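Good morning, colleagues. Please take a moment with the sequence and the structure before I begin.

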Amino acid sequence: MNKVTFKEEQVTIYGEYGEGSSIGFVFQRFGINQIFSLAEVYIVPKSLVEIQESDLTAENQIISPITDWISPYWIVAKNDIDIPNNGNKLTGGNHGTNNGEGDPTAEFVRLDVFIGNTPIKNGLSNMVVDKPITLVTTNLVEASNTHISYPRKIVEEKVTYVVKGSEIKVKVEFQVKEPAYIIEYSGLQTNGQYYDQFSIPNSEIEGWQPIGTQTYRSGAHEQYGLSSQIMLNKEGSSDWLVVSLDGYKKMSLADGVEMIQVMEAPVNKTYFRLLYDTSLMVEAGDVFWFKGSYSFTNSSPYNV
């Protein structure tokens, strides 16, 4: 079961989170690019029946809108390019021409919301549903060298979120509109605002490690190719976030590159490296995709 509120361009979804508790997901536009994405997460000690928007307070918030859940691109156009580039290699997500600041490098196009297979419009408030809630958003993204002299977007990105209970399934599809080189793309990011330790099964990392103390890597993909999951935990609590990569198409890792990386402070991010240390030549019309899930739970993560 879920409870959903849809007001203008903000969708708030509440799910059951263990006995007598609820989790709240706020999807909205934020950051320099105003891309529609998962922005805030709350854990509230109230049942799904009792919870209201007023319960989403700073006291209950575990994640604020600073994370690139859908990651930025390092992509360069082949023709009609800026020399030099716009000053920042990453575009899209929450990255402008100066990391999180400067000029926008992406554009929000549209949002569609469905309950089951039925499209819904804004104006919905605290509706209890027993079907998955699907949010489909479309964005346009610049290359790092198409901002100044030849400003244009060269990537169309479609992101689909499916929320059921306390799990968010996500699929990202993107199409390149002209010849280009993709150098790097990382997906399914998280941020260690609340969760402070992690584990990567089937990797070279043994056991649980603290987030923020150093950079960790899962190990070369040729040897540790089963490291397709990150488990995050708040030490001393039963709160878990399990991030799983379920599939991808036409992605490329150079020899020796790790699939998963956990960054040291102040970044504190975890993410899957789907394209890294490569110059993948792509042609107009090429389509790429990946899919995975974010499972929030306060029971054993091995049961999600």
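Leaving aside its neighbours within four places in sequence, with which residues is Ser37 in contact? In this predicted model, Ser37 is in contact with Val26, Phe27, Gln28, Phe30, Trp69 and Tyr161. Ser37 belongs to strand β4, which spans residues 35-44. Its relative accessible area is 6%, under the 20% limit, and Ser37 is therefore buried.

I turn next to the nonpolar cores. The largest has 70 residues, and Phe27, Leu135 and Phe296 have the most contacts inside it. Beyond four places in sequence, Phe296 touches, among others, Tyr17, Ile23, Trp69, Tyr195 and Trp240. Another core, of seven residues, lies apart from the largest one and includes Tyr14, Val26, Tyr42 and Ile51.

Let me now address the salt bridges, of which the structure holds 12. One of them joins Lys153 to Glu107, with the closest N and O atoms 3.7 Å apart. Lys153 is in strand β11 and Glu107 in strand β7, so this pair ties together parts that are 46 residues apart in sequence. Lys153 is partly exposed at 31% relative accessibility, and Glu107 is partly exposed at 36%.

Where, by contrast, do we find a salt bridge between buried or exposed partners: what of Arg273 and Glu258? Both Arg273 and Glu258 are buried. Their side chains meet at 2.6 Å, N to O. Arg273 lies in strand β21, whereas Glu258 sits in the loop between β19 and β20, 15 residues apart. Through shared partners, salt bridges join Arg217, Glu258 and Arg273 into one network.

Definitions and conventions. Residues are numbered from 1 along each chain as its sequence is written. This is a predicted model: local features need pLDDT of at least 70, side-chain atom pairs count only at pLDDT 80 or more; totals for chains, interfaces and linings use all residues. Side-chain values use heavy atoms; hydrogens and water are left out. A nonpolar core is a set of buried Ala, Val, Leu, Ile, Met, Phe, Trp, Tyr and Cys residues joined through side-chain atoms within 4.5 Å. Buried means under 20% relative accessible area, exposed over 50%, partly exposed in between (1.4 Å probe, protein chains only). Contact means heavy atoms within 4.5 Å. Helices (H or I, at least four residues) and strands (E, at least two) are DSSP runs, numbered from the N terminus. A salt bridge is a side-chain nitrogen of Lys or Arg within 4 Å of a carboxyl oxygen of Asp or Glu.
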